[in-house]
Amino acid sequence: MVTRSKKLKIFLLADLIILALVIPGYFYVDAQILEPANFQITDLSINPDWIQVGETLQISVNVTNIGDRSGNYTVTPAIDDIPISTKTVQLAGGETTTVVFTATQATEGNHTVAVEDVTETFQVSSDAPNKPAELELTDLVTNRKEAEVGDTITVSVTATNIGDEAGEFSLELFINEQNRETKSIQLDADEVKTVQFEIVENSEGTYTVTLESLTTSFTITSEAQPVKPAEFQVADVMVNPSSAMAGEAVEISVKVTNVGEESGTYTVNLKIDGTTRDTKDVTLAGQVTDTVEFEVTETIAGTHTVEVGDQSAIFTIEAPIAASDKVDLLRVFVNPYEVWIGETVTITVKANNTANEEAVLGARLLVAGEAVATNTVTLAAGDSEGTLQFTVTAGPANENTTKGYQVEIINLANQSDKLKGYFTVAPNGFHTLSINRAGGGSKPMIFTLDGVTYESPYVNLLAVGEYSISTDKTVDVGTGVVEFDHWQDGVTSESRTIVLDQFLSVLAHYIVISGYASCPSLYYWNGTDYVYVTEVSNAGWLGYIGYIEEDGDIVFTGGNPWDHVKLDASQLEPKIENGEEYYDIVLFQQWDEIFYTDNVYMVVVDHPSDVDVYSTMVNYVNRGFFGQVYTVDGDNLMTPVSAINENGDDVLSLISELDSVFTPAINGVDSPSWNDIKCNQLTLDLGDLSNAAEIKLVINGMVDWGPAEPYYEWIDQFKTAAAQGLVVNGTEINPPAYMEIMDAQGNWIRVSQDKQMPIPGDYVPRTFSVSLNGLFPEDVTEYKIRITNFWNVTFDYIGIDISPQQDITITEILPEASFEPLVFADSISTASGMFTKYGNVTELLAEADDMYVIGMQGDKMVLKFPTSSLPTLEAGTSRSYFIYVASWFKDPAGNWGYGFDFTTEPYPFRDMSGFPYPDTESYPTSEEYVQYIKEWNTRAVNIPEINTITELVANIMKYMAFVGAAIAAVLVTLIWKKS
């Protein structure tokens, strides 16, 4: 009898036998099923990866069909998420092909090319990139295609250094994949050289010649024809420029090819208007082409004919212009910036006649390097506002992307006097939309455009039409919270609709409403409301660290309480109270900090209406207060020649316009390690300013300190290193900001401390001036400066003003000041100590004397600046307003307050070496300061009050009881151990 288990075994065995017979058939059938077409993208490359605005780059990508069946695939590369073109390829199974696109990019900056999920980046700059030496090989030829055994074959190739630097290159010649010969050549930048190899073969057959990616071939056969003698052909006569001024050089080039097989020499005759003007001999191996260049000048106006062999071309000479060398070009304006093909672009040139008589300005307009027009204008004696206009018709545009044109204006009386501008041509029906943020730090703004989420900065080419934009009302930026205030055109709703019918830049303005920023916040009355401006006391933070000693002791240095804020004169409105007119300013402490405000006053500046005024800012390493007010010719500010950051990136485009697009920067606490500090750095070439009356920089920028946590971690690295004996005395933890100038020998010279570049205000960018007068040696012709910052300092705009200082009238107004509490929000501040009492504090703010109004979160100072002392505003003048403040401030521990307690004492003072200061220094102790403290600083905060003798005795008894209990516990322990 067969049991059930045995039956199961039999069935399983039978199943296995059946499977053994069937499975190979399944495998066979499955192997015959063809996989459908499936495509893979690899090897995305961009050449070159750094171009000048308007230049063309090549994008190539490999497409492989990794399936078995044939199929079609559409390749769509995108630049910054905007598709630029499409190409469809058909590939058999396993086949690979390279798809190539060309693109022209007109927007400066870093751009990303994406094909599906494969990406690469490239850079676009306004100036031509400084490319390293790079070899390009073209025109690989052999002088004979057929030859007999033992004949010499000459292999020729054209080698070009397409880089901007000289270089040495190695050329390896392969015959049938065997390295036959290697030659080394030296080429200067842009140099072209024909390199030749001589080959002799002793066997019949076909031979493949390879040099890098170039290939050609020749055949060795007994049936080869006799060698052909040298024979020459000329082609492609080129003339540049096609229109020139009398006496201006014209370059003429022609290509000469030896279509024979023997080497030979050809005499190139250049004829102008039928007369031979020049001859050059060129020797070429068989089948080799070379370019022969000539340079001629003509003084006779009219059209001239060029003849070389059977080739011809023409160029035009314009009549000479009696232009004056007393006229200097100042600035060029190109309007509009972005157009469609066929639209008109107006180029306006401003010039200055330095002569005391009439003078003629003659200028030529070049567009994309081609001369298109010449024009003149007569300027009156001393006219500094003379204008000259050109118009050009735009086009053509690449159908898939924008294409730009560089505009150049040349002063004909001084051809080294040039100005450059730019305009872009967008495809018909499209314009560029730029969206960015201003204020509230340098972190990106998150916004939606037609419901799709993006982050700033956003620059894209979009179809003309209406678009909806929305951003959040409040944003947490890590170190605080910022609040949307308005768009650049005054719209105050965070959601809005825009019309894109031209190049459009949209800016969202933010203000800081909470977080860690300099105290206090400044508001002014505009007639209907209080307007937030910014935080003051930028450099007055207490706790700047100078260095660490080898024993781990930290030494604090620096600090400067002075700051200033320029007010919007078009909004500032006076109030009237009891018949007295005054400007109403409020300094409100929003942050959890302790402030020590010493001095506040208003500076009213009357100045000529054709100039603006800006003031200087201090650096925390400065001593004293400088606060000069400079006049600035805002219409004629010059852009630096170049601007390079610490990474070698060209950031000139980012500082050329006040557009809220800031330079990138590193925060020093993000450095690789404590002994490898990386600072952010900006190197500016200001050009030749040797004839400048004065040299001033007009700067708009800000600092983003970042969160406090990494700062503490940064300090701990130094303390750990000191404990390991790795630190030497004087090791800097946070190197101070400084500025350098370059001397005539190329050496960087550090500028004295009282002339330093300041750290700009935090979160809200400000515009200020920096004087460079007297800093450069007399023999300097290249005016270069270098700005170094440990903190994350970013710049929106830097312009150069060389106008002389104008006469101005300055009126200083001291305020009537009251100190008041304000219910700001629920505060859990741990600030403690004796603060200034509320009430009238006018006398405390009258001068900088280390007698402060000491306040905390929720306190405000209401400042009334009377207008009665202001002079009558004269015709032709305008009025600008500044608030100057001397104020220190202190943060709590953990939130930047390192090295001290969050208490009012010890007080800072002007002559301290740093804060906290060593035991050898102290706040003044004379009688007047003792009386100041007793009279004014009587408001106790977070200090237990002891009002009666009974409470005092009770507290003493509690303390004694605690001490007695502690002693008793010790005695009990000792007795227990002894027993």
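## A tour from β12 to the far strands

Start by selecting glutamate 148, in the loop between β12 (146-147) and β13 (152-161). Strands here are DSSP runs of E with at least two residues, helices are runs of H or I with at least four, and both are numbered from the N terminus. The model is predicted: local features need pLDDT of at least 70, side-chain atom pairs count only at pLDDT 80 or more, and totals for chains, interfaces and linings use all residues. Residues are numbered from 1 along each chain as its sequence is written, and side-chain values use heavy atoms, with hydrogens and water left out.

**Stop 1: the negative patch**

Is glutamate 148 buried or exposed? Glutamate 148 counts as partly exposed, because its relative accessibility is 35%. Buried means under 20% relative accessible area, exposed means over 50%, and partly exposed lies in between (1.4 Å probe, protein chains only). Now add Glu146, Glu204 and Glu223 to the selection. With Glu148 they gather in a patch of negative charge on the surface. Patch residues have over 30% relative accessible area and no salt bridge; like charges are joined within 9 Å, and nonpolar side chains (Val, Leu, Ile, Met, Phe, Trp, Tyr) within 5 Å. Asp and Glu count as negative, Lys and Arg as positive; His and the chain ends are not counted. Each Glu charge is placed at CD.

**Stop 2: β14, β17 and β18**

Select residues 167-175 and 205-211. These are β14 and β17, which pair in the antiparallel sense over three bridges. Two strands pair if DSSP finds at least two bridges between them. Zoom in on phenylalanine 174: it stands opposite threonine 210 in β17.

Next, add residues 214-220, strand β18. β17 and β18 are antiparallel too, with seven bridges. Which residue is the bridge partner of leucine 211 in β18? Pick leucine 214. Two residues sit between the strands of this hairpin, and glutamate 212 takes a positive phi near 50° there.

**Stop 3: proline 736**

Jump to proline 736, in the loop between β57 (731-732) and β58 (738-742). Proline 736 counts as buried because its relative accessibility is 19%. Select asparagine 619 as well. The two are 117 residues apart in sequence, yet 9.1 Å apart in space, C-alpha to C-alpha.

**Stop 4: salt bridges**

A salt bridge is a side-chain nitrogen of Lys or Arg within 4 Å of a carboxyl oxygen of Asp or Glu. How many are there by this rule? The count comes to 18.

Select arginine 766 and aspartate 563. They form a salt bridge, with the closest N and O atoms 3.0 Å apart. Arginine 766 lies in β60 (residues 766-771) and aspartate 563 in β48 (residues 562-567), so the pair ties together parts 203 residues apart in sequence. Both residues are buried.

Move to glutamate 820 and lysine 860, a salt bridge at 3.7 Å between the closest N and O atoms. This pair links distant parts of the chain, 40 residues apart: glutamate 820 in β64 (residues 816-821) and lysine 860 in β68 (residues 859-866). Glutamate 820 is partly exposed at 28% relative accessible area. Lysine 860 counts as buried at 18% relative accessibility.

Now select aspartate 850 and arginine 910, whose side chains meet in a salt bridge (3.3 Å, N to O). Aspartate 850 is in the loop between β66 (839-840) and β67 (853-855), arginine 910 in the loop between β69 (877-890) and α4 (927-936), 60 residues apart. Aspartate 850 counts as buried at 4% relative accessibility. Arginine 910 is partly exposed at 41% relative accessible area.

Finish on Arg144, Asp151 and Glu261, joined into one network by salt bridges that share partners.

Notes:
Accessible areas come from the Shrake-Rupley method with a 1.4 Å probe; for residues, only the protein chains shown count as cover.
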